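Reader: I am new to reading structures, and I would like to know how the words used for them are justified. Could you take me through some?

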Amino acid sequence: MPLLHFLPPLGAVLIWSGNMTINQLTVGAIAPSSIAFLRWLLALAVLTPFVAPVAWRHRATLCREWPRLAVLGLLGMGLWQGLAYVAAETTSATNMGILAAMVPLLTVLLSALILREPPSIGGIVGGLFALIGVALLLGSGNPLSLLDLEIASGDALMLVAATCYALYGVMLKRWSFDLPPWVLLYGQVICAVLILLPPYLLGPMTPVNLGNVGLILYAGIPASIVTTYLWMLAIRRIGASRASIFINLMPLFSAVIAMVALGERLAAYHVLGGALVLAGVIMAQTWTSPLRRSSLIPTDTSRRRP
């Protein structure tokens, strides 16, 4: 498989790593219902001049596929990212990172249940390696210390959010849309805006000011438009299960961003944990043999020698 196929998931995860910090910065600056709606409203405003003319030519397909687009918009834009803002109010970034790292394994499980895809050896072994690396990174060198973390309602919300995003990737792979990628994204954004409008109107509507406009801009353009398009492209090229393994790189990328932007020092557990994460990703991309081959292959008995 060409290495260029791995650039979309890498780019998406890199932007998401920065958005983990944005999630924490929104606490106290803007209500979760406000930023969840405003980010996609901004994304819709940016996309409309460029995509609306093309979408109009595909209006018949969009009207026919709107129930599926609504499900994708709910899972991948409303619940995955909206719940993360709510979770940030009652849990730590460490907990959120751990639960976000569950997306690859949840995707493998859901792919086996929904798509009937047998999990690969690399997906299982690589996923476990990556999770160990993530635990080492988030536990500051002592994975057992994660057992002492307090359970908060935000943890449950992040688990639900991770499950929703894993399901989003699986359903995006299962459903075939006769639409260009940008039009497919545009249709999901429209549905997400409509779905998030009632919570925005019912919740505390935080006004846009100098303290939160930067958060909205980052969440609305790079973390919404760019990442969603890159992720859809990744799923089309390498599949939901293999693309989701790259999410395990989020803690590693976050550590590098903190080191460059905040001057944090690189510790030994960063190197070891990062190596395990990278090893897990490589295993998932190279060991693609199914864990168990089907034994129900029909044999041709019509041509037997006398």
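Author: Here are a few residues and the reasoning behind the words used for them. Please keep in mind that this is a predicted model.

Reader: Why is Ser17 called buried?

Author: Ser17 has a relative accessible area of 2%. Buried means under 20%, so Ser17 is called buried.

Reader: Where is Ser17 found, and which residues is Ser17 in contact with, leaving aside its neighbours within four places in sequence?

Author: Ser17 is found in helix H1, which covers residues 7–25. Leaving aside those neighbours, Ser17 is in contact with Met250, Phe253, Ser254 and Ile257.

Reader: What makes the pair of Val13 and Ser17 a polar contact?

Author: A polar atom of the Ser17 side chain lies 2.8 Å from the backbone oxygen of Val13. The cut-off for such a pair is within 3.5 Å, so the distance fits a polar contact.

Reader: How do you know that Asn19 is buried?

Author: Asn19, also in helix H1, has a relative accessible area of 6%. The cut-off is under 20%, so Asn19 counts as buried. Not counting residues up to four places away in sequence, Asn19 touches Arg39, Tyr218, Ala219 and Ala223. Asn19 and Ala219 are 200 residues apart in sequence, yet 7.0 Å apart in space, C-alpha to C-alpha.

Reader: Which residues touch the most other members of the largest nonpolar core?

Author: They are Val13, Tyr168, Leu185, Val189, Trp231 and Leu249, out of 86 residues in that core. Helix H10 (residues 213–238) gives the largest share of this core, twelve residues.

Terms used. Residues numbered from 1 in each chain as written. Predicted model: local features only at pLDDT ≥ 70, side-chain atom pairs only at ≥ 80, totals over all residues. Heavy atoms only, no water. Core = buried A, V, L, I, M, F, W, Y, C linked by side-chain atoms within 4.5 Å. Buried < 20%, exposed > 50% of the residue type's maximum accessible area, 1.4 Å probe, protein only. Helix = DSSP H or I, 4+ residues; strand = E, 2+ residues; numbered from the N terminus. Polar contact = N/O pair within 3.5 Å; in protein donor to acceptor, adjacent residues only side chain to side chain. Contact = heavy atoms within 4.5 Å.
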